[in-house]
Amino acid sequence: AVQPCGDRPFQTLEQLVLEHAPRVSGCVCVLLGWDRTRQRFIEKLVQLEVPVRVMVVPLAPLPAPVDPGPLRFSPERLQVLDPQQLESQLARLT
């Protein structure tokens, strides 16, 4: 189980992940939003050639269609999941 962290800024997580990026073979990111801050974080991982898979479980509805941002050349690596159907959607991921 993962819990949201509300007492530290997102940049704290970003810095920690980027610090370890040279030592990972890939990164699965579960994000609660898809704003510019999170897109820049994923862009940095892509620039470092870290394979990423991004799952967004938005706390508020996202505008449709969702802009894949830094994943525009591989939009299949971005999944926007409905919090109400999370279990069934995760079961269908490949």
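Here is a short tour of the structure you have open, one selection at a time. Keep in mind that this is a predicted model.

**Stop 1: the sheet**

Start by selecting the strands, S1 (27-31), S2 (52-56) and S3 (78-80). The 3 strands make an open sheet, ordered S1-S2-S3, with parallel pairing. S1 and S3 sit at the edges with a single partner strand each, so each has one side without a neighbour in the sheet. Ignoring direction, neighbouring strands here are turned against each other by 15° on average. As general background, strands of a sheet pair through backbone hydrogen bonds, in either a parallel or an antiparallel way.

Now zoom in on S1 and S2. Their parallel pairing runs over 5 bridges. To walk along it, pick Val28 and you'll find Arg53 of S2 opposite. Move on to Val30, whose bridge partner in S2 is Met55, and then to Leu31, which is partnered by Val56.

How much of S2 is buried? 4 of its 5 residues are, so S2 is largely enclosed by the rest of the structure.

**Stop 2: the two faces of S1**

Show side chains on S1. In a regular strand, side chains alternate between the two faces of the sheet. In S1, the covered face carries Cys27, Cys29 and Leu31, while Val28 and Val30 are on the uncovered one.

**Stop 3: the helices**

Add helix H2 (36-47). H2 lies across S1 and S2, and runs at about 175° to S1.

Next, bring in helix H1, residues 10-20. Its axis and that of H2 come within 11 Å of each other and cross at roughly 5°. At that angle H1 counts as roughly parallel to H2. To see where they meet, select Phe10, Gln11, Glu14, Val17 and Leu18 on the H1 side, with Thr37, Arg38, Phe41, Lys44 and Leu45 on the H2 side. Colour this contact by class and you get 5 nonpolar, 2 polar and 3 charged residues.

**Stop 4: the core**

Which residues of the largest nonpolar core touch the most other members? Select Cys29, Leu31, Trp34, Ile42, Leu45, Val52 and Val54, out of 15 residues in that core. S1, H2 and S2 are the elements that each give two or more residues to it. This fits a general pattern: in soluble globular proteins, nonpolar side chains tend to be buried together.

**Stop 5: Trp34 and its surroundings**

Stay with Trp34 and hide its neighbours within four places in sequence. What is left in contact with Trp34 is Gln39, Ile42, Val54, Val56, Leu62, Val66, Asp67, Pro68, Pro70 and Leu78. Two of these contacts deserve their own selection.

- Gln39 is in helix H2. Buried or exposed? With a relative accessibility of 10%, Gln39 is buried. Past four places in sequence, Gln39 touches Trp34, Asp67, Gly69 and Pro70. For a distance check, draw a line from the C-alpha of Gln39 to that of Pro75: these residues are 36 apart along the chain, and the atoms are separated by 13 Å.
- Val66 is in the loop between S2 and S3. Its relative accessible area is 28%, which makes Val66 partly exposed. Leaving out residues up to four places away, Val66 touches Trp34, Leu78 and Val80. From Val66 to Gly33 is 33 residues along the chain, with their C-alpha atoms 11 Å apart.

**Stop 6: two backbone details**

Finish with the backbone. In general, most residues other than glycine have a negative phi, and most peptide bonds are trans. Here are two spots to compare with that.

First, select Ala64 and Pro65. The peptide bond from Ala64 to Pro65 is cis, and its omega is near -10°. Pro65 belongs to the loop between S2 and S3, where you have already found Val66.

Then go to Glu49, in the loop between H2 and S2. What is the phi of Glu49? It is near 65°, a positive value in a residue other than glycine. Switch on the surface, too: at 71% relative accessibility, Glu49 is exposed.

Note on methods. Residues numbered from 1 in each chain as written. Predicted model: local features only at pLDDT ≥ 70, side-chain atom pairs only at ≥ 80, totals over all residues. Heavy atoms only, no water. Core = buried A, V, L, I, M, F, W, Y, C linked by side-chain atoms within 4.5 Å. Buried < 20%, exposed > 50% of the residue type's maximum accessible area, 1.4 Å probe, protein only. Contact = heavy atoms within 4.5 Å. Axes fitted to C-alpha atoms, helices over the stretch in contact; angles between N-to-C directions. Parallel < 35°, antiparallel > 145°, perpendicular 65-115°, else oblique. Nonpolar A, V, L, I, M, F, W, Y, C, P; charged D, E, K, R; others polar. Pairing = 2+ DSSP bridges.
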